[in-house]
Amino acid sequence: MEEDPPPFLVEVGPPPGANVPCSPTRKHPYPVVLAHGTFETMEQNWAVLSPRLKEKGYCVFALNYGNRGLGPIQDSARELDRFVNKVLAYTGPRRSRSSATARVA
């Protein structure tokens, strides 16, 4: 029986395979954090990649942040940093693998 995800992962609409209870494995020791691009959401950017990564055994995490990438970059960076730190605390490793779409200032 799977455990309930921690509160910071309970967000409406994560892409399939993301934000589900997961422990990194020897083969994939680092969690993957997916960050969407400007005007987008995690559902729009990662609906295809997220389940593929999960099927391959990765722990996958995604979030919606920065008012769809329209907020100040500094605020978005802090929000993303907090999320990554929570993922790392939850999964154990001291670093993560990240994937993001570009955001230009």
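## Helix α4 and the chain around it

The chain has four helices and three strands. Keep in mind that this is a predicted model. Going along the sequence, you meet them in the order β-α-α-β-α-α-β. Most of what follows is about α4, residues 73–91.

**The chain as a whole**

- Of its 105 residues, 35% count as buried.
- Take the contacts with a separation of 6 or more: 76% of them come from residues 24 or more positions apart.
- The accessible surface adds up to about 6500 Å², and carbon and sulfur atoms hold 54% of that.

**How long α4 is**

- Helix α4 has 19 residues, so at 1.5 Å a residue you'd expect a span of 27 Å.
- The C-alpha atoms at the two ends of α4 sit 27 Å apart, which agrees with that expectation.

**The two sides of α4**

- Which residues of α4 are buried? They are S76, F83, V84, V87, L88 and T91.
- Look down the axis of α4 and those buried residues fall within an arc of 140°, so they line one face of the helix.
- Turn to the face pointing away from the buried side, and you'll find the exposed residues Q74 and A89.

**What α4 packs against**

- The buried residues of α4 pack against two strands, β1 (32–35) and β2 (60–63).
- They also pack against a helix, α3 (66–69).

**Just past the end of α4**

- G92 follows α4, and its phi is positive, near 105°.

How values were computed:
Residues numbered from 1 in each chain as written. Predicted model: local features only at pLDDT ≥ 70, side-chain atom pairs only at ≥ 80, totals over all residues. Heavy atoms only, no water. Expected span 1.5 Å × (residues − 1). Buried < 20%, exposed > 50% of the residue type's maximum accessible area, 1.4 Å probe, protein only. Arc of directions from axis to C-beta. Contact = heavy atoms within 4.5 Å. Areas by Shrake-Rupley, 256 points an atom, 1.4 Å probe, with all protein chains shown as cover.
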